[in-house]
Amino acid sequence: MLLRRYPFLLSLALLAPPLHAQDGEQLYGLYCAACHAPDGKGATGGAFPPLAGSEWVHGNPKRSVAIILKGIHGPIEVGGKSYNLEMPPQGDALGDDQIVAILNFVHKAWGNKGQEVKRDLVQVARDEFASRTKPWTAPELMELFPLEKQPTALANLTSRVYKGQWVQTPDFSKIEAENVEEEHHGIIDLSIAALKQDFGIVWEGDFMAPADGEYEFQLDADDGARLLLNGHPVAEVKGLGSMANKQRISEGKVTLKAGANPIRIEYFQGKGIQDISLGWKIASAQQWQWLTPQAPLKSPSVPTIPLLPKDGRTVIYRNFIEGSSPRAIGFGFPSGVSMAYSADNLAPELLWADGFIDAGRHWTNRGQGFQPPMAANVITLSNQRFLPPSARFKGYTLDPKGNPTFNVKMENQLLSDFWTPGENGTLIRTLSLTGGSSVLEIPLGDNPQVTPAKSVSLAPGKPVTVTYKLR
Ligand code: HEC
């Protein structure tokens with residue numbers, strides 16, 4: 001499979017002379033350079049991601065080991081650039097010594113300052129991830145091995161947190177701050193407030209302009225934010241509102257002198273989602289650089305609109321959901337429980353109780369403040385199809401509160417599968433069958449803590465209601 005996909009690997013393997021297991025540079029040339037390029041800058045002119053200067057090979061060295069062992073796929077950002085490709089696993093092709101040698105080369109090559117990798121670490125990682133069959137995704141790795149923050153253009157940064165209820169960015173000079181902190185990473189990060197709602201933050205410091213010239217800034221926030229440089233307003237996002245509304249993005253141009261330019265960023269959060277993004281570039285440059293934890297990913301397969309059940313209504317999430325089949329539809333119920341239904345398997349696949357929104361934030365890695373370990377609490381109900389081959393997905397309908405009924409048609413029968421939120425983290429599922437005479441055996445899942453029974457027998461005209469308990 002690997003060779004079919006990447007035939008050039010075979011030719012490399014045949015041409016290469018026999019190698020000493022420890023020769024990291026040569027092993028790199030054989031096993032990695034085809035995609036990451038001999039100079040580590042990414043093959044085919046950077047269509048593949050670089051290893052030179054990559055944040056992924058810095059910090060916890062186990063991350064690199066994990067990537068070699070199991071591969072990685074899906075959206076990833078490396079050095080501020082987005083990719084959405086696939087790296088095949090190489091754990092079976094490479095021995096522990098070879099992985100050690102390759103990584104000790106990669107971690108120190110091209111100016112990298114990654115950590116040393118010891119043989120034990122590779123052995124431990126092999127055992128730990130032995131049962132894993134799928135390649136990693138970037139968000140999974142970020143949760144297991146958080147990336148180290150790179151220094152930004154912000155120096156001498158301090159933050160002040162304020163408490164209050166506002167509908168506009170207030171005049172912070174008239175309010176007393178709760179606390180003041182130094183932010184040595186130079187990152188505008190909302191998590192420092194550790195508050196969910198009704199707060200404000202003001203950051204002050206120096207924007208270190210690399211050269212004299214014109215600069216562009218891009219500010220977006222949920223809710224309001226304001227950017228000042230050298231005491232002058234440059235961009236402002238006004239009032240309450242969401243980053244899903246792209247019209248709120250505010251851009252400003254300003255001429256700066258090389259070196260320190262005093263910068264001030266003001267932010268306030270009402271209720272619900274909290275988020276901010278602030279990017280800058282030299283006016284003539286292409287690439288934005290981000291002063292907030294991560295650039296918004298532009299890849300279409302990543303949800304960019306975080307959702308939250310609002311006003312007691314259930315919300316839909318029609319995007320890639322990890323651990324679920326490609327045609328999965330997610331529903332976030334106001335009871336704080338979420339469910340993903342597979343239109344491929346015609347059955348509910350996943351249940352989780354950490355709050356729907358975190359699925360979106362988890363995926364974009366733009367979540368700030370609180371990112372519960374969603375993956376740790378996802379329950380897989382089923383991942384295969386059990387209905388007869390004639391069964392066809394006939395779409396879903398929503399009741400006035402947004403609760404879904406999934407419809408499946410079989411030869412002479414119609415199955416409808418209705419989900420509503422119950423009390424205290426429960427979900428109520430009502431199954432009904434019309435037409436025909438056959439009784440359908442419907443599996444309910446295999447998790448005794450959440451599932452009322454292993455399966456139910458469903459007879460035409462006799463609806464069955466079951467309750468899944470997630471908390
Ligand atoms: C067949 C092509 C291919 C080969 C061979 C390959 N990689 Fe990758 N690698 C990729 C792709 C593509 C990605 C990004 C995957 C994505 O988009 O999620 C990646 C991502 C990575 C990353 C994380 C992102 C980054 O750029 O830092 C690391 C680290 C990495 N590879 C290391 C290696 C090492 C070490 C080897 C050799 C043992 C290797 N790769 C071999 C294609 C390859």
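Me: Which residue in β20 stands opposite Val408?

Reply: In this predicted model, Val408 stands opposite Leu415 in β20. The general idea is that strands of a sheet pair through backbone hydrogen bonds, in either a parallel or an antiparallel way. Here, strand β19 (residues 404-409) and strand β20 (residues 414-421) run antiparallel and are joined by five bridges.

Me: What is the strand order in the open sheet of five strands?

Reply: Read across, the order is β18-β19-β20-β21-β24, and the pairing is antiparallel. β18 (392-398) and β24 (464-469) are the edge strands with a single partner each, so one side of each has no neighbour in the sheet. If you like twist angles, neighbouring strands of this sheet are turned by 20 degrees against each other on average, direction ignored.

Me: How do I read the two faces of a strand? Take β22: which residues are on its covered face, and which on its uncovered one?

Reply: Start with the rule: side chains in a regular strand alternate between the two faces of the sheet. In strand β22 (residues 440-443), Leu440 and Ile442 make up the covered face, while Glu441 and Pro443 are on the uncovered one. β22 also pairs with strand β23 (residues 455-458) in the antiparallel sense, over four bridges. One of the residues just named, Leu440, has Leu458 as its bridge partner in β23.

Me: Now the metal. Which residues coordinate the iron atom of the ligand?

Reply: They are His36, through NE2, and Met87, through SD, at 2.0 to 2.1 Å. For the geometry, look at the angles: six donor atoms count as octahedral if opposite donors are over 155 degrees apart and all others between 65 and 115. The angles among the six donor atoms run from 89 to 179 degrees, and the site is octahedral. His36 lies in helix α4 (residues 33-36) and Met87 in strand β2 (residues 81-87), so the pair ties together parts 51 residues apart in sequence.

Me: Are His36 and Met87 buried or exposed?

Reply: Both of them are buried. Just along the chain there's another thing to check, Ala37, in the loop between α4 and α5 (43-46). Its phi is near 75 degrees, a positive value in a residue other than glycine. Ala37 counts as buried because its relative accessibility is 8%, and the cut-off for buried is under 20%.

Me: Where else should I look at backbone angles?

Reply: Try Asn230, in the loop between β7 and β8 (232-237). Phi of Asn230 is near 50 degrees, again positive in a residue other than glycine. Asn230 is partly exposed, with a relative accessible area of 34%. Then there's omega: the peptide bond from Asp222 to Asp223 is cis, with omega near 15 degrees. Asp223 is in the loop between β6 (213-222) and β7 (224-229).

Me: Strand β6 also holds Glu216. Which residues is Glu216 in contact with, leaving aside its neighbours within four places in sequence?

Reply: Its contacts are Gly252, Lys253, Gly279, Trp280, Lys281, Ala283 and Trp288. At 14% relative accessibility, Glu216 counts as buried.

Me: Last one: at what angle do helix α3 and helix α7 pack?

Reply: Helix α3 (residues 24-31) and helix α7 (residues 96-106) pack at about 95 degrees, with their axes 8 Å apart. Angles of 65 to 115 degrees count as roughly perpendicular, and α3 and α7 are therefore roughly perpendicular to each other. On the α3 side, the contact is made by Gly24, Glu25, Leu27, Tyr28 and Tyr31. α7 brings in Gln98, Ala101, Ile102, Phe105 and Val106.

Definitions and conventions. Residues numbered from 1 in each chain as written. Predicted model: local features only at pLDDT ≥ 70, side-chain atom pairs only at ≥ 80, totals over all residues. Heavy atoms only, no water. Donors = N, O, S within 2.8 Å, 3.2 Å for Na, K, Ca; no water. Tetrahedral: all angles 85-135°; square planar, octahedral: opposite > 155°, others 65-115°. Buried < 20%, exposed > 50% of the residue type's maximum accessible area, 1.4 Å probe, protein only. Pairing = 2+ DSSP bridges. Axes fitted to C-alpha atoms, helices over the stretch in contact; angles between N-to-C directions. Parallel < 35°, antiparallel > 145°, perpendicular 65-115°, else oblique. Contact = heavy atoms within 4.5 Å.
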